[in-house]
Amino acid sequence: MEKETKPAAIHNPPILMSEGLVKYILESGVYPRESEPLRELRNATENHPLNFLASSPDAGQLMALLLKLLNPKKTIEVGVFTGYSLLLTALNIPDDGKIIALDPDRNSYEIGLPFIKKAGVEHKIQFLQSPALPVLDKLLKDPANDGSFDFAFVDADKNNYWNYHERLMKLVRIGGIIAYDDTLWGGMVAMAEEEVPEDKREWRKQAIAFNKAIAADSRVELTLASVGDGLTICRRLL
Ligand code: SAH
């Protein structure tokens, strides 16, 4: 018998489980304020077969506000794709701010690069074509890097979120911010496993384990914001 179609069956369901509400949020307050270079990069990403990977503009808007408040000089990004969050970060840190951007996929980064150049912020970016963990480990070998970053954004392989957290808790200074994207995993963290498409189950499990572990981590204060696909924002306390 054919199964009833539930929101869980939608590819990348919105976490609020209402396409209409998400559309309203984006159209009423996010798209009208989105800067031209970001809009252009987002449009250029639309034809990418993996376009759903890009960070959500509403999560981006919250991150932009955070960046303006923090005014970070040294930042790191894990998971660049075509560069929506990277360009957003570059546009919202000071002119002498820097971003180390890590992704094994250079081709996708190159789709966004013309918009980064056009926005005049390429000088802030050091893109390293590499999985993130070995680079973080290399940075940690030099004690001068300890506590030297002000901000980190993680949006890549979910099975490594805790590994990233342990490393970033050393690299990011006390008072600095570490933000993790997709922590509500399309709302699937709150569904029974059987309701979730099989190819999404592993990351659902990883997200649930990460959310539990970070909620118990007394070294940070945090909020799990229900924007985009869920954005966990941590501030290092210890
Ligand atoms: N923040 C991006 C979206 C990232 S999508 C945006 O705003 O558009 C996830 C990205 O993580 C993909 O580009 C993928 O190539 C990358 N990725 C996968 N494994 C990785 C790893 N081990 N280290 C760093 N990046 C990784």
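Good morning. A residue is called buried when its relative accessible area is under 20%. With that cut-off in mind, I shall present the predicted model shown above, beginning with a single residue and then turning to the helices.

The residue is A152, which lies in strand β4, residues 149-154. Its relative accessible area is 0%, so A152 is buried. Which residues does A152 touch, leaving aside those up to four places away in sequence? They are I76, L168, V172, I177, I178 and A179. Please also note L67: 85 residues separate A152 from L67 along the chain, yet their C-alpha atoms are 10 Å apart.

L67 brings us to helix α3, as it is one of the α3 residues that meet helix α4. Allow me to introduce α4 itself. It spans residues 84-92 and is mostly covered, with eight of its nine residues buried. Those buried residues are Y84, S85, L86, L87, L88, T89, A90 and N92.

How, then, does one describe two helices that pack together? One states the angle between their axes and the distance between those axes. For α3, residues 57-70, and α4, the angle is about 25° and the axes are 9 Å apart. An angle under 35 degrees counts as roughly parallel, and α3 and α4 are therefore roughly parallel to each other. Their crossing is right-handed.

On the α3 side of this contact we find P57, G60, Q61, M63, A64, L67 and K68, and on the α4 side Y84, S85, L88, T89 and N92. Sorted by character, the residues of this contact comprise six nonpolar, five polar and one charged.

Helix α4 also packs with helix α2, residues 36-45; here the axes come within 10 Å and cross at roughly 170°. Angles over 145 degrees count as roughly antiparallel, which makes α2 roughly antiparallel to α4. From α2, the residues P37, L38, L41 and R42 take part, and they meet Y84, L87, L88 and L91 of α4. This contact has seven nonpolar residues, no polar ones and one charged. Y84 and L88 appear in the list for α2, and they appear in the list for α3 as well.

L41 leads us onward to helix α5, residues 106-118, where L113 is located. The C-alpha atoms of L113 and L41 are separated by 8.7 Å, although the two residues are 72 residues apart along the chain. Is L113 buried or exposed? With a relative accessible area of 12%, L113 is buried.

Let me now turn to two loop residues. N71 is found in the loop between α3 and β1, the strand at 74-78. Its phi is near 50°, a positive value in a residue other than glycine. At a relative accessibility of 46%, N71 counts as partly exposed. F81 belongs to the loop between β1 and α4. The phi of F81 is near 55°, again positive in a residue other than glycine. Its relative accessible area is 9%, so F81 is buried.

Finally, a word on confidence. The mean pLDDT of the protein chain is 93, and 95% of its residues reach 70 or more. Where does pLDDT stay under 50? It does so over residues 1-11, for which the model has nine contacts beyond four places in sequence.

Thank you for your attention.

Methods: Residues are numbered from 1 along each chain as its sequence is written. This is a predicted model: local features need pLDDT of at least 70, side-chain atom pairs count only at pLDDT 80 or more; totals for chains, interfaces and linings use all residues. Side-chain values use heavy atoms; hydrogens and water are left out. Buried means under 20% relative accessible area, exposed over 50%, partly exposed in between (1.4 Å probe, protein chains only). Helices (H or I, at least four residues) and strands (E, at least two) are DSSP runs, numbered from the N terminus. Axes are lines fitted to C-alpha atoms, for helices over the stretch in contact, and angles run from 0 to 180 degrees between N-to-C directions. Angles under 35 degrees count as roughly parallel, over 145 as roughly antiparallel, 65 to 115 as roughly perpendicular and the rest as oblique. A crossing is left-handed if the near helix is turned anticlockwise from the far one by less than a right angle, and right-handed if clockwise. Contact means heavy atoms within 4.5 Å. Ala, Val, Leu, Ile, Met, Phe, Trp, Tyr, Cys and Pro count as nonpolar, Asp, Glu, Lys and Arg as charged, and the others, Gly among them, as polar. pLDDT is the predictor's confidence in each residue, from 0 to 100.
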